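Got your viewer open? Let's take a walk through this one, a selection at a time.

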Amino acid sequence: MPHDPPAIDDVLATVTERFGALESTVFRGQTSLIVPEPQSFEVLSHLKEQGFDLLVDVSCVDYLEYRGAKQRYGLVYLLASTTTNQRITVRVFVDDPEPRVRSVEPLWRAADWLEREVWDLFGIHFAGHPDLRRLVMPEEFTAHPLRKDYPLQGRGERHNFPVITRDHS
Amino acid sequence: MALNMPGRQAMPGKIELPENVVVSRLDELANWCRKNSLWPMPFATACCGIELMATGASKHDLARFGAEVFRFSPRQCDLMIVAGRVVMKMLPVLQRIWQQMHEPKWCISMGACASTGGVFDTYAVVQGIDRFIPVDMYVPGCPPRPEQLIQAIIDLQDKIQREGTITGREFDTSQRQLRKRALVEADQLLTLDAARNPVAQRELSAAAHRT
């Protein structure tokens, strides 16, 4: 049976000591820390110093027209410690028109492709990323298709190819 | 095809053939060779590829129809079997591989996804490969059973024997045919869907509201 991850009260205490009281939620023993965008790099850097040496995932949620949402994009950083098994989720909210956050690639190399994926699909700009190109969509693609205002069937990109007939081949 | 039967009397005014001589058209001979040595190019991108492998394996034994030599180089193939969904990032690759194959060549669109996009009606999935490359045979199913693929290959063999010419004139003829109705209508599909679909309407109005 899976166990709840070890408590991280000691880590949260050091965060509060250095950055003041940040908003946080706990669900079934899993702690989420909500960090204002200007402080995100410093808080994540601090968490790395506290032993969170593994960046499990960087992802994003588009809260467009979501009930009670104040900002549109919610970034999700999942961190884990390979020595203590502690886990923490860090949420950073950014908004239109130019969603931007500082890249954590200098802290965890794993962030390279994870942030490229978020840039590709949500259009969040990661300042300081060494190579911010699209990861999954074709290079010439212009939209960010996991945004909620992007139509499911696209804007005709999937029909936009040369037709090869028997004459051409 | 005239066969010189042993013991048969030569008719006056007809050419008498020596024994063991068969008279036919060169086209017929070329078609007979071509249809019985189809070398498939397996363009397998999804679960249809598993059935394609089963078709080539011992139980279903595609070798019975002369098509067991799967080659992974398009330059050695004359039958492309597109088995699975093709996303828009893969389509240029598909077209390039098709162009690298030598004439004469044929294409089987295997399964619902390759033929129509299947259930994947999303921004990234091509809604039928026949919009962008020529297709000779469609196999329905999700995925089709190996028997269905074998039937498609048998049908393709019949088609090659029936229509094939040594100069490939039949490909010119198919070129002159009208575009399929579904493909002509495809250009209007997006707007039609938006008019009928409340979710799409909300998306469009939300996008217009922001800009």
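Start by selecting residues 106-110 of chain B, which form strand S5, and then add S6(B): the two pair in the parallel sense over three bridges. Keep in mind as you go that this is a predicted model. For a close-up of that pairing, pick Met110(B) and look across to S6(B), where its bridge partner is Val139(B).

Now bring in the rest of the sheet. Four strands of chain B make up this open sheet, in the order S3-S4-S5-S6, and the pairing is parallel. Which strands stand at the edges? Select 40-44 for S3 and 137-139 for S6 in chain B: each has a single partner strand, so one side of each is left without a neighbour in the sheet. Turn the view and you can follow the twist, which averages 15° from one strand to the next.

Next, select residues 48-56 of chain B. This is helix H2, which packs on the sheet and touches S3, S4 (79-83) and S5 of chain B. The direction of H2(B) makes about 150° with that of S3(B).

Keep H2(B) on screen and add helix H5, residues 146-163 of chain B. The two axes come within 9 Å and cross at roughly 70°, which makes H2(B) roughly perpendicular to H5(B). To see the contact itself, show Glu51(B), Leu52(B), Ala54(B) and Thr55(B) on H2(B), with Pro146(B), Leu149(B) and Ile150(B) on H5(B). By class, that's five nonpolar, one polar and one charged.

Last stop: zoom out to both chains. Their contact takes 18 residues from chain A and 27 residues from chain B. The chain A side has seven nonpolar, five polar and six charged residues.

Terms used. Residues numbered from 1 in each chain as written. Chains lettered and ligands numbered in written order. Predicted model: local features only at pLDDT ≥ 70, side-chain atom pairs only at ≥ 80, totals over all residues. Contact = placed C-beta atoms within 7 Å. Nonpolar A, V, L, I, M, F, W, Y, C, P; charged D, E, K, R; others polar. Pairing = 2+ DSSP bridges. Axes fitted to C-alpha atoms, helices over the stretch in contact; angles between N-to-C directions. Parallel < 35°, antiparallel > 145°, perpendicular 65-115°, else oblique.
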